Amino acid sequence: MAFINATVASVLDSHLSKHDSDEEELLDFLEDDPALSSFREQRMQQLHEEISRAKHLRNQEHGQYGEIKEEKALMDVVNNDAQLCVVHFFKSDFHRCGIMDKHLSQLAPLHLDTRFLRISVENAPFLVTKLKVQVLPCVIAFKKGTSVDRIIGFEGLGYSEDTFSTKDLETRLLNSGTLLREKLVDAGEPLQRVPLAGSRQKISPVDDDDDDWD
């Protein structure tokens with residue numbers, strides 16, 4: 001991704017995620033924005049290019065938090081289709097996985113350059129073994145097919161072991177390099193922190209109260 005002027009990035013981040021209009025309609029809207037009064041022609045051209053790029057990415061399923069059912073399809077996306085990818089290995093009856101889903105679904109439409117995906121551990125036995133996924137939720141960040149960070153449970157998020165916000169998760173992924181720039185800095189009040197009894201769960205074929213692996 002080419003370098004984006006800070007003013008262009010600010011306009012994109014404040015408007016693009018809030019408007020579903022097509023490129024021409026959005027450009028017309030932005031031309032009336034006071035923030036553009038000092039734009040040079042070069043910046044307007046870059047803005048035009050970034051809006052077109054965002055539309056192209058959305059057409060390739062960026063900007064949404066989707067579930068993949070087959071692990072081969074997931075490997076194809078991670079290794080070939082997306083340079084930046086965040087994958088949540090989940091189990092549907094684990095409450096904490098649902099909490100992670102909530103935060104990832106908030107980030108996905110804001111960070112179009114990154115694919116946000118989820119796959120059930122029951123549909124990914126090979127990857128669960130290969131990547132040594134033993135505790136849920138497990139979120140793995142990939143750059144060009146290589147794992148660069150792993151969030152096990154809720155460790156390393158927030159100010160205490162059992163609470164975190166979407167902003168905390170964004171900051172962690174920014175530090176790993178799988179997100180390109182902050183999007184929640186001026187997002188108003190942070191999402192409500194969710195207190196939990198514990199921060200992570202072992203994968204278990206029985207239920208989420210059993211911490212044993214076997």
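**Group meeting talk: a walk through one predicted chain**

Okay, hi everyone. This is a predicted model, and the protein chain averages a pLDDT of 78, with 64% of the residues scoring at least 70. Some stretches score lower. Over residues 186-199 the pLDDT stays under 50, and the model has 26 contacts there beyond four places in sequence. Residues 204-214 are also below 50, with 17 contacts in the model beyond near neighbours in sequence.

Let's go inside. In soluble globular proteins, nonpolar side chains tend to end up buried together. Here, the largest nonpolar core has 23 residues. Which of them touch the most other members? They are Leu74, Cys85, Val87, Phe89, Val133 and Leu136. If you want to find this core on the screen, look at helix H4 (71-81), strand E2 (84-90), strand E3 (115-120), helix H6 (125-130) and strand E5 (138-143), since each of these gives two or more residues to it. E2 brings the largest share, 4 residues. There's also a second, separate core of 19 residues, and its members include Ile99, Met100, Ala108 and Leu174.

Now, cysteines. How many disulfides are there? The count comes to 0. Take Cys97: the nearest cysteine sulfur belongs to Cys138, and it's 9.4 Å away. A disulfide needs the two sulfur atoms within 2.5 Å, so at 9.4 Å the sulfur of Cys138 is too far from that of Cys97 for a bond. Are these two buried or exposed? Cys97 has 1% relative accessibility, so it counts as buried. Cys138 counts as buried too, at 2%.

Stay with Cys138 for a second, because it takes us to a pair of strands: Cys138 stands opposite Ile152 in E6. Strands E5 and E6 (residues 146-152) run antiparallel, joined by 6 bridges. The hairpin they make has 2 residues between the strands, and Lys144 takes a positive phi near 50 degrees there.

Next up, charges. The structure holds 9 salt bridges, and I'll show you three. In one of them, the side chains of Glu67 and Arg118 meet at 2.9 Å, N to O. This pair links distant parts of the chain, with Glu67 in strand E1, Arg118 in strand E3, and the two positions 51 residues apart in numbering. Glu67 is partly exposed at 33% relative accessibility, whereas Arg118 is buried at 16%.

Then there's Lys72 with Asp76, where the closest N and O atoms are 3.4 Å apart. Where do these two sit along the helix? Both are in helix H4, and because they're 4 residues apart, about one helical turn separates them. Lys72 is exposed, with a relative accessible area of 55%, and Asp76 is partly exposed at 31%.

Number three is Glu170 with Lys167, with closest N and O atoms 3.0 Å apart. They both lie in helix H7 (residues 166-176), 3 residues apart, about one turn of the helix. Glu170 is buried, at 0% relative accessibility, while Lys167 is partly exposed at 22%. And one more thing on charges: salt bridges that share partners join Glu67, Lys69, Asp101 and Arg118 into one network.

Last stop, a loop. Gln60 is found between helix H3 (41-59) and strand E1 (65-67). Gln60 is partly exposed, at 41% relative accessible area. Its C-alpha atom is 9.4 Å from that of Asp81, and the two residues are 21 apart along the chain.

That's my tour. Thanks for listening!

Definitions and conventions: Residues are numbered from 1 along each chain as its sequence is written. This is a predicted model: local features need pLDDT of at least 70, side-chain atom pairs count only at pLDDT 80 or more; totals for chains, interfaces and linings use all residues. Side-chain values use heavy atoms; hydrogens and water are left out. pLDDT is the predictor's confidence in each residue, from 0 to 100. Contact means heavy atoms within 4.5 Å. Buried means under 20% relative accessible area, exposed over 50%, partly exposed in between (1.4 Å probe, protein chains only). A nonpolar core is a set of buried Ala, Val, Leu, Ile, Met, Phe, Trp, Tyr and Cys residues joined through side-chain atoms within 4.5 Å. Two strands pair if DSSP finds at least two bridges between them. A salt bridge is a side-chain nitrogen of Lys or Arg within 4 Å of a carboxyl oxygen of Asp or Glu.
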